[in-house]
Amino acid sequence: MNKERDLGKKVDKGGEDDISAGPFPYEKRKCTDILCFLLFVAHWAAAIAIAISAFTLGNPKRLVVGQDFNNQFCSIDTGSNTTGTIIPSVENFGKLAYLPDVGYINEHFKDMMDDLSKGVFNTSKLLDNSGAAVQVDFTQMFKPVCVKTCPCYDKTGWSYTCSAEKTTSSELTRKYESNGLTFPALSLDNCPYEERYCVPIKTPDFTLLDTYCFPRLSDGDGNELKMEDLLPGSVTGTWEQWVGDLVITWPMIILSMGVALVVGIIFLVILRFAAGFLVWVSIITALAAFYVGGGAAYLYNDQFEGKTNQDAILVFGYALWAIGAIFTLMVFCLRNQIRLGVAIVKTAAQFTYSVPSVLWMPVINWLAALILYFWWVLVAVYIMSSVSEEEVAAGKRYSWNRNTQYTFAYHFFHLLWNNAFFIAMNQMILAGAVAAWYFSPIEADGKRNVGSPLCKSFRIAVMKHMGTAAFGSLILAIVQFVKWWLRYLQYQAQQVKDNQEKACEKCSPCGIGKVCAKLNIANKTFVCLIGCLGYLVACFEKCVEFLNKNAYIQTAITGKSFCAAAWAAFTLILRNLARFGVAATMGKAIKFLGLVAIAGIAALVGFLCTNAAYKDKISSPWIPTIVFILVGWLVGSLIMDVYGMAVDTTLCCFLADVEMHGGEGQFTPAPLKEFLPKVRSKGGCCGGKNSQPATKE
């Protein structure tokens, strides 16, 4: 097998991959990977069928409404059960309130009974019958009951006190007799249980959180207590302050988003002219860090106690020097590739500046992902709430039987595939736009006749290559599904780490685990194997993502199907391994620098403006500042993702341009002119007096 076949076929002018007139034209392209597109449509049909079934059987209210002491769900259950016990229906009682269990209190805290008959829950009398203070289990003293309206009565009498917009309290038409005392009880219209569970406490008001009633209680001195008084102040106070600060400073969050967008565009402009400076400063800084760190370890190791520690610090210093030396040697050997990487970075920034409409692509992709996640969560909630009759009788809030697990597994795979599909389409459209810009004709004045590269690329990707995106995203989704399945098994194994002889039984399917679980060595091997496989699959996932991205670039440029494009991308990378390695590393480094700059400046501006405008109105500017950083990082990611894709596609276009035109480069942008093989051969390795001048664009 010859070398050309090993490394794939180069792009030839006049050949099947001829793109000398721009990316493969729409009219000559074929619909690629149609079977995968049909499979993608069929998978959506199955997902919709699952959703319809879930919408029919599920009830999301079950996941959020209150559950009474009979394990019935307020506003849902009708009192039916399989044990024959008579349970009142709570179908028409939508709110959950915690009312005292008079029988339990009478048995354990008799001193409270007199006050309780008057509607007062006196916490100062929480003593046992011997008079000693006790640790109280409030889940025993108070029973969760379903009611129509939250009980709300004043201190002096039993008249209704709550505001009309909250609820209308019911009349106390029933009574409960216990130990010679009479307790007023809520009517059956408001509380469908026995009288002992329907005795209210006097409270002047309450907080209604969705369907839960939180009364305002009183302490032993009659002072009113709020809900935050019943919880640790370090929790409620801090949380309330954080939320309050964010509510007050919301205009600054919008401002930080705008600042991040402006800084991102400015950063792209700077890259166009100063990419080389940024790259070399970064490299020199990294080298200096190794050498300075090694020198500090060499000079100050004697300040550590013990000869062992001193020797360890000294060895660490030598190691830093060695790494620095290796790094220096690599920079020297790859200096031309680094210069090419700088030119690629400049060209990518030039594209983003010339075609600013591409910045809308990640926004559109983000909105599509938002819709996808909303749909997925909605269906998942209905799937989880599709409980069987046995689960209803057991009072389970959600379902997790075998059928639910299989359904949820498919639904999770549905999420992974669609998420990868959206990313694939976004990458393919961006790659097509970069290729259309790169191979656009250059006018006499040196400017490119760009046209509408994004619209052309969008049309080609949607009409011709959705099957290719479905194929690549399917492979990635399968790898990701295996990764998450292994993580689930690892989680299961961790749950039984204190009883490892059951690890195989808990984690292995098809009954094999029960056999292996009898061998202790099998259980330990299983736990170790799951962890190792998880790391290997995660590494393989990164490889698939990298190859997929370059395959989409080849499809966008040449119109090939996924397998052919993946092979072309793989061989192109092999033929130009150093170039790809340096360009990818530099692209990630510049992307990180951009993210830090965008998020940092957005946070700084937000902090200064917040401190100036809201200094006396908020508890601290630091929580809003953290939000400014997150917002800046998100906006920066949208911008820098476009830039990162532009870097990868520009390199592929440059290599195709060089191979197709015999080293001359017909469409080569100005920053890349000096790296054309024929130009370099005329001017030496570093250029010279015979070098061809680069044409300005």
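This passage describes the overall make-up of a predicted model, the packing of helix H8 against two other helices, the cysteines and one buried threonine.

The model is predicted, and local features need pLDDT of at least 70, side-chain atom pairs count only at pLDDT 80 or more, and totals for chains, interfaces and linings use all residues. Residues are numbered from 1 along each chain as its sequence is written, and side-chain values use heavy atoms, with hydrogens and water left out.

The protein contains 22 helices and six strands, these being DSSP runs numbered from the N terminus (helices H or I, at least four residues; strands E, at least two). Of its 697 residues, 44% are buried, where buried means under 20% relative accessible area, exposed means over 50% and partly exposed lies in between (1.4 Å probe, protein chains only). Contacts are defined by heavy atoms within 4.5 Å. Among contacts between residues at least 6 apart in sequence, 69% join residues at least 24 apart.

Helix H8 (residues 250-300) and helix H9 (residues 307-333) have axes that come within 7 Å and cross at roughly 155 degrees. Axes are lines fitted to C-alpha atoms, for helices over the stretch in contact, with angles from 0 to 180 degrees between N-to-C directions. H8 and H9 are therefore roughly antiparallel; angles over 145 degrees count as such, while those under 35 count as roughly parallel, 65 to 115 as roughly perpendicular and the rest as oblique. The crossing of H8 and H9 is left-handed, a term used if the near helix is turned anticlockwise from the far one by less than a right angle, with right-handed used if clockwise. Residues of H8 in this contact include Trp 280, Ile 283, Phe 290 and Tyr 298, and those of H9 include Ile 313, Tyr 318, Trp 321 and Val 331. The residues of the contact of H8 with H9 comprise 17 nonpolar, six polar and no charged. Here Ala, Val, Leu, Ile, Met, Phe, Trp, Tyr, Cys and Pro count as nonpolar, Asp, Glu, Lys and Arg as charged, and the others, Gly among them, as polar.

H8 also packs against helix H10 (residues 335-354), with axes that come within 8 Å and cross at roughly 155 degrees. H8 and H10 are therefore roughly antiparallel, and H8 passes H10 in a right-handed crossing. Among the H8 residues that meet H10 are Leu 268, Arg 272, Trp 280 and Ile 283, and their partners in H10 include Ile 338, Arg 339, Lys 346 and Tyr 353. The contact of H8 with H10 divides into 12 nonpolar, three polar and three charged residues.

Two disulfides are counted, a disulfide being a pair of cysteine sulfur atoms within 2.5 Å. One is formed by Cys 74 and Cys 146, with sulfur atoms 2.0 Å apart. Cys 74 lies in the loop between helix H2 (34-57) and strand S1 (95-100) and Cys 146 in strand S2 (residues 142-147), so the pair ties together parts 72 residues apart in sequence. Cys 74 is buried at 0% relative accessible area, and Cys 146 is buried at 0%. Another disulfide joins Cys 191 to Cys 198. Its S-S torsion is about -75 degrees, so this disulfide is left-handed. Both Cys 191 and Cys 198 are buried. Cys 563 is in no disulfide, the nearest cysteine sulfur being that of Cys 36, 7.9 Å away. Cys 563 is partly exposed at 48% relative accessibility.

Thr 649 lies in helix H21 (residues 622-660) and is buried, with a relative accessible area of 0%. Not counting residues up to four places away in sequence, Thr 649 touches Ala 431, Val 434, Ala 435 and Ile 553.
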